[in-house]
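This briefing walks through a protein chain one topic at a time, and it is best read with the structure open beside the text. Please take each group of points slowly and find the residues as they are named.

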Amino acid sequence: MTDFGVLSLLPPLVAIILAIWTKRVILALFAGVWIGGVMVSGWNPISGTTQTLDWIVSNAIDDWNAKILLFDFLIGAGVGLIYKSGGAFAVGRALASKVRTSRGASVMGWLLGVLIFFDDYTNTIIVGNTMRPITDRTRVSREMLAYIDDSTAAPVAGLAIVSTWIGYEVGLIGDAFEKLNVDLTSVGGAYGAWMHSVPYRFYSILAIILVFIVAYTHRHYGAMLHAEYRARTTGKVLRDGAKPLMTTEVDLGMPKEGGSVHLFIWPILTLILVTLYGMWYTGGGSKAYAEGGLMNVIGNSDSALALLWGSFAMVVVAFTLVLATKQMTVEEAEDAIVRGMKQMVIANTILLLAWSIKSATDAVGTAPYVVNLAKSAGISGGWVPLIVFLVSMFISFTTGTSWGTFGVMMPIAIPLAYGVTGHVGPEVFASIGAVFAGGIFGDHCSPISDTTIMSSMFSGSDHIDHVTTQIPYAVTASSVGLVLYVLFALGVKSWVILLPIGIVLLVVAHHILSEWYGKKHGIPHGKVPIYVVED
């Protein structure tokens with residue numbers, strides 16, 4: 001890898017700037033990958049183009065990526081069947097008597113986002129597809145639904161004691177301490193260190209809380225205020241000219257009459273149960289459980305393969321049900337499957353290019369450059385979590401990957417914090433938490449993030465609209481997190497004190513910002529009206 005210095009920031013910055021400026025995500029991502037290819041090819045545009053195509057192909061045939069791409073197509077097929085059969089609308093009708101307001105719909109979306117904790121991808125799929133008919137009916141904007149979806153998925157999965165994330169997270173922690181020859185028995189091993197880090201993941205915790213505050217109070221600021229005000233007052237859940245990643249209504253047409261909630265419930269339950277079983281099976285099942293408990297099973301599981309099994313089973317069950325109930329003919333069901341897959345073409349193209357830009361940033365050394373800048377500053381133990389959080393935020397924003405950020409930063413953060421303090425204490429735990437929190441923040445704000453893309457996809461939102469409406473809230477939660485890390489550096493090391501301070505600051509910040517922005521734009525208190533569905 002050639003040392004490009006500050007120029008290593010060029011590929012991600014080109015992609016991000018072009019995505020925001022042109023609102024053409026595919027073009028922007030390809031440009032970022034291509035710039036990286038040209039750089040590593042000695043600035044030769046021909047060789048750079050060849051390198052770009054090589055990266056795209058290698059990412060397409062990567063085992064994990066190929067499973068996720070196929071999983072997306074199968075999810076599209078399942079969603080196509082559920083939607084066209086009228087199952088999704090039947091759920092909306094069934095919940096209509098209980099959820100009749102925009103506030104109720106928004107809070108229900110948040111609650112589902114918290115309850116679907118075991119995988120962030122599955123979270124975005126279920127929350128987006130379940131809530132979209134309900135939020136549309138109650139005039140909640142697609143931008144708001146995408147925000148609810150995105151800002152609960154990764155934070156919840158990252159904090160859950162049982163999820164597809166936990167094995168990866170614990171593994172990174174264990175590897176870092178193993179290289180330092182540090183015995184973690186006193187804190188309960190690598191998993192114990194993970195548990196100690198949870199209360200210091202300030203951004204993740206505050207992001208989840210902020211979603212509830214925004215959903216319940218209906219007080220907004222930034223681009224979201226305009227989106228929600230538009231939806232409430234005009235009924236337009238999408239702005240004029242918006243291009244949602246998943247255009248279900250356009251691709252599939254109107255759903256059939258007489259759909260049943262069973263056409264929704266059983267395929268979704270199948271997705272969840274088969275995915276969980278797949279994780280159990282690929283993780284070694286009973287033998288792995290006996291050797292190391294549930295965490296050992298999850299850590300050894302192939303979650304991508306499990307998701308693939310779950311999505312295929314979902315399609316099979318949905319297909320069987322629509323035929324058995326005579327809701328659709330074989331020809332209609334097949335057409336819905338194909339059209340459902342078609343919905344995922346643009347989204348999968350973006351995912352493939354997002355992975356490819358990670359290859360480009362690896363090749364030009366984006367992450368090491370940023371990390372070395374932080375290390376060269378020479379910092380004391382108390383300040384390590386703050387620096388780690390800032391660097392993790394930047395890396396995940398510029399690369400669009402939280403897991404990639406974890407992999408880069410954990411081998412740096414733990415040795416740095418332990419090397420400065422000489423013991424496994426609050427500084428180490430807070431540094432671990434800062435890696436996870438910072439990685440998720442950048443992932444939320446980056447237009448090239450796969451989970452941000454999937455949130456737009458399954459919520460039916462214009463992708464750039466989702467990014468621009470979510471960023472102000474993500475910045476709010478991260479700013480409060482920064483204050484808490486500063487307090488930590490100044491000597492307030494107990495999370496029991498820090499977290500309550502953070503929650504109070506979050507509530508105050510939200511109130512002040514909604515008041516100020518609402519006044520500036522002529523919407524008192526930044527509060528949009530609560531819409532009540534009429535009979």
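In this predicted model, Asp136 and Arg142 are joined by a salt bridge in which the closest N and O atoms are 2.8 Å apart. Asp136 counts as partly exposed, with a relative accessibility of 22%, whereas Arg142 counts as buried, with a relative accessibility of 3%. The points below go on with other charged pairs and then turn to a helix, to the pocket and cavities, and to some individual residues.

**Salt bridges**

- The count of salt bridges comes to 11, and the pair of Asp136 and Arg142 is one that has already been described.
- Glu143 forms a salt bridge with Arg230, and here the closest N and O atoms are 3.0 Å apart.
- This pair links distant parts of the chain, since Glu143 belongs to helix H8 (residues 142-159) and Arg230 to helix H12 (residues 223-234), with their positions 87 residues apart in the numbering.
- Glu143 counts as buried because its relative accessibility is 3%, which is under the limit of 20%, and Arg230, at 17%, counts as buried as well.
- The side chains of Asp465 and Arg239 also meet in a salt bridge, with a distance of 2.6 Å from N to O.
- This second link likewise ties together distant parts of the chain, 226 residues apart, with Asp465 in helix H24 (residues 463-489) and Arg239 in the loop between H12 and helix H13 (248-252).
- Asp465 is buried, with a relative accessible area of 7%, while Arg239 is partly exposed, with a relative accessible area of 27%.
- Asp462 takes part here too, as Arg239, Asp462 and Asp465 are linked in a network of salt bridges.

**Helix H25 and its surroundings**

- Helix H25 (residues 495-520) has 26 residues, and the 36 Å from its first C-alpha to its last is close to the 38 Å expected at 1.5 Å a residue.
- At the start of H25, the backbone nitrogen of Val496 has a side-chain oxygen of Ser494 within 3.2 Å.
- The buried residues of H25 include Leu498, Leu499, Gly502 and Leu506, and also His510, Ser514, Tyr517 and Gly518.
- These buried residues of H25 pack against helix H11 (202-217), H12 and H24, and H24 is the helix that holds Asp465 of the salt bridge with Arg239.
- Just after H25, Gly522 takes a positive phi of about 75°.

**The largest pocket**

- The largest pocket holds about 500 Å³ of space, and 25 residues line this pocket, of which Trp64, Trp355, Thr401, Trp403 and Asp450 lie nearest its centre.
- Several helices each supply at least two residues of this lining, among them helix H4 (63-84), helix H7 (120-137), helix H16 (303-324) and helix H21 (402-421).
- Helix H18 (344-364) also appears in that group, and H18 gives the most to the lining, with four residues.

**Cavities**

- A search of the whole structure finds two cavities of 30 Å³ or more, and the second largest cavity has a volume of about 30 Å³.
- The lining of the second largest cavity is made by Tyr147, Ser151, Tyr203, Ala207, Leu210, Tyr473, Ala474 and Ala477.
- The elements that give two or more residues to this lining are H8, H11 and H24.

**Asn59**

- Asn59 lies in helix H3 (residues 45-61) and is buried, with a relative accessible area of 9%.
- The side chain of Asn59 makes a polar contact with the side chain of Ser359, at a distance of 2.9 Å.
- Leaving aside neighbours within four places in sequence, Asn59 is in contact with Asn65, Leu352, Trp355, Ser356 and Ser359, and Trp355 is one of the residues nearest the centre of the largest pocket.

**Residues with positive phi**

- Most residues other than glycine have a negative phi.
- Trp43 has a phi near 65°, a positive value in a residue other than glycine, and Trp43 is found in the loop between helix H2 (25-40) and H3.
- Trp43 counts as partly exposed, at 45% relative accessibility.
- His525 has a phi near 65°, again a positive value in a residue other than glycine, and its place is in the segment after H25.
- His525 is partly exposed, with a relative accessible area of 42%.

How values were computed:
Residues are numbered from 1 along each chain as its sequence is written. This is a predicted model: local features need pLDDT of at least 70, side-chain atom pairs count only at pLDDT 80 or more; totals for chains, interfaces and linings use all residues. Side-chain values use heavy atoms; hydrogens and water are left out. A salt bridge is a side-chain nitrogen of Lys or Arg within 4 Å of a carboxyl oxygen of Asp or Glu. Buried means under 20% relative accessible area, exposed over 50%, partly exposed in between (1.4 Å probe, protein chains only). The expected span of a helix is 1.5 Å times one less than its number of residues. Contact means heavy atoms within 4.5 Å. A polar contact is a pair of N or O atoms within 3.5 Å; within protein, one must be able to donate a hydrogen and the other to accept it, and residues adjacent in sequence count only if both atoms are side-chain atoms. On a 1 Å grid over the protein atoms alone, a cavity is a set of points where a 1.4 Å probe fits but cannot get out, and a pocket is an open set with protein on both sides within 12 Å along at least five of seven lines; lining residues have an atom within 4 Å of a point. Grid points are joined across faces, edges and corners, and a volume is the space filled by probe spheres set on the points.
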